[in-house]
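Please examine the sequence and the three-dimensional structure shown here before reading on.

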2 protein chains.
Amino acid sequence: MPVTIYDVAREAGVSMATVSRVVNQNPNVKPTTRKKVLDAIERLGYRPNAVARGLASKKTTTVGVVIPDISGSFFAEVARGIEDIANMYNYNIILCNSDEQKEKELRLINTLLEKQVDGLLFMGNEVTEDHKEAFGTASVPIVLTATYDDENRWPSVNIDNKQAAVDATTLLLDEGHRHVALITGPLTHPVNGFPRYQGYREALEAKGVPFDEKYVRVGDYRYQSGMEAMRELLALDEPPTAVFAASDEMAVGVIHAVQDAGKRVPEDISVIGFDNINISSMVRPLLSTIAQPMYDIGAVSMRLLTKLMNKEEVEDPHVILQHELVLRQSTKTQAGE
Amino acid sequence: MPVTIYDVAREAGVSMATVSRVVNQNPNVKPTTRKKVLDAIERLGYRPNAVARGLASKKTTTVGVVIPDISGSFFAEVARGIEDIANMYNYNIILCNSDEQKEKELRLINTLLEKQVDGLLFMGNEVTEDHKEAFGTASVPIVLTATYDDENRWPSVNIDNKQAAVDATTLLLDEGHRHVALITGPLTHPVNGFPRYQGYREALEAKGVPFDEKYVRVGDYRYQSGMEAMRELLALDEPPTAVFAASDEMAVGVIHAVQDAGKRVPEDISVIGFDNINISSMVRPLLSTIAQPMYDIGAVSMRLLTKLMNKEEVEDPHVILQHELVLRQSTKTQAGE
DNA sequence: CTGTTAGCGCGTTCAA
DNA sequence: TTGAACGCGCTAACAG
């Protein structure tokens, strides 16, 4: 039923090799025959079969993307960066949600490899030994997006999470606060969890402010957890006067908890978030935050992968993108200061 | 380099046909030889080549998804529904952003078809004649997600947008408001734009409230446009006392414009949104809205597609999912009333 | 500049 | 229960 390259060849009165040449933009074809072929293609409505092409050429122009959850603002933005660059270089992406479940991640990696993707982008909180083993069976390049492995065996794209946390905490400290709380993500996450906690402590130490465990709460990056954590903090004998939340969603939860308690941000309590997802400029007061270049994290990862797939020389395969302190209205220090 | 089915066959001392059978769970294999094969697979680390399989079987267990912009909350949620069900039925998805650009949409549809996807999910504001022509060249099933064609030639999954707008407007009218404004999306969008405008007018008419053009503003569904539209509305001689925004983002913009003007929601002005994206429960006051079952729209679309791909009988290929009025705090009418 | 000929790795008859 | 052989649609030498 479907028209093949043979049908086109017959229709145009040439060999299939010639048809293949014109389809693949091979310059070694006489203009007149090229036209004959093009006409035949048009007439028959020929559509090249990419699967057959993939089998013969061993290239699928498709890359696999393992992502925790596409419905989250952060990942959705990263995914957009990935897809834009992929599209730019004529690749398509197979998108898979992992929910950060290790077994599912491993299964997806395997499925993607079976599908002969030309490369793989992996995002996830932790790269375990099992992950490394799975990566090891791949014969195509892999880039770790917003994560990395402890040995730096695979190329990766990240921001400096610890330094970002230092910056956020220091800003609060510089405003004069001495009771600065941290609402972090799970400390068991070696990439995005623990380093921010480390940065918080380092900043405290650098300023000579004693660390106090009671000012640390662990959330899950979601709004609710931020709000609940802040309620607890507010119930302390000596509540914090500033809060650093490891995600914008939690930071917004913090702001609302503060407001619900009849206090004001930033007059009574300063709040700074992390990520700079679009919601941070859709709340009152506008949220001050550590901006991660989410789109770029995706875009740079994909660009790096294209180079790797193309066997190009790549200077440094471990990219650290710059984060940025975005001062809006939830901290006393605001833009321009 | 990569190990093929032949290598496994040799290693196990059987023919490749037998290996194929055990890999594909064909029961006609003696248990002992099955074990021999399984061992050989394990020993060699054999990974079936899905591309070769796809060429031979004419099935790729991959579906194409054309979506306007994965970084938007609405679409990200729909995409999640799609991917979950796809995963459940052992399909993978190739995700493509179209930015609602017609040429890009047509190109993507073609690319996806070249890649021999087993089915296609299309989302976009409008299904033009060119789209229909492109769909017509497909030999695999296509489902229109959150959109439809004017002839209902293709299966689709939607909500009743007009009725949803009637419900939202009527709620506001029932609160006693007589100056109800509408901030809609582009009226040129036949699926999600115009019908909501129609519903607004119908509700007005049903309650005998005269339609007044000055209370209608066109936005682009984004926060900024909602905020700006509200500023204009506020500048009217007789500002509206209630606003129906065709998206939650715009509704939040409306709330902030109202607050910035020193007025209160809902005491001075009632606001209702559309979609029920997660941000609607992350603002103060909590946003009342028309909830669209975003995840289900994606999930049901994908489920429908699996049936179609499987050539199963499907009762009604034009699914209308229920929307829901979610009353929170931005309207006077609140939960329980 | 063009055609012939092998594969690519696997599913699937058809016989045995 | 198993194997031999063909073909899926195309790319890539190689020859001419």
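The paragraphs below treat the contact between the chains, then a helix pair, and then local backbone features.

This is a predicted model, in which local features need pLDDT of at least 70 and side-chain atom pairs count only at pLDDT 80 or more, while totals for chains, interfaces and linings use all residues. Residues are numbered from 1 along each chain as its sequence is written, chains are lettered from A and ligands numbered from 1 in the order in which they are written, and side-chain values use heavy atoms, with hydrogens and water left out.

Chain B and chain A each give 52 residues to their contact (heavy atoms within 4.5 Å). The area buried between them is about 4400 Å², with 50% from carbon and sulfur atoms; buried area is the accessible area (1.4 Å probe) that two parts lose on being put together, summed over both. Across this interface there are 6 salt bridges, a salt bridge being a side-chain nitrogen of Lys or Arg within 4 Å of a carboxyl oxygen of Asp or Glu. Arg284(A) and Asp260(B) are joined in a salt bridge through their side chains, at 2.5 Å from N to O. On the side of chain B that touches chain A, the elements giving two or more residues include helix 4 (50–57), helix 5 (73–88) and strand 2 (92–97); helices (H or I, at least four residues) and strands (E, at least two) are DSSP runs numbered from the N terminus. Helix 6 of chain B provides the largest share of that side, 7 residues.

Within chain A, the axes of helix 5 (residues 73–88) and helix 12 (residues 294–309) come within 7 Å and cross at roughly 40°. These axes are lines fitted to C-alpha atoms over the stretch in contact, with angles from 0 to 180 degrees between N-to-C directions. Among the residues making the contact are Phe74(A) and Ile85(A) of helix 5 and Met294(A) and Met302(A) of helix 12.

Elsewhere in chain A, a salt bridge links the side chains of Asp7(A) and Arg10(A) at 3.5 Å, N to O. Because Asp7(A) and Arg10(A) are 3 residues apart in helix 1 (residues 5–12) of chain A, about one helical turn separates them.

Chain B contains a cis peptide bond from Val265(B) to Pro266(B), with omega near 5°, and Pro266(B) is in the loop between helix 11 and strand 9 (270–275) of chain B. The peptide bond from Arg284(B) to Pro285(B) is also cis, with omega near -10°; Pro285(B) is placed in the loop between strand 9 and strand 10 (288–291) of chain B.
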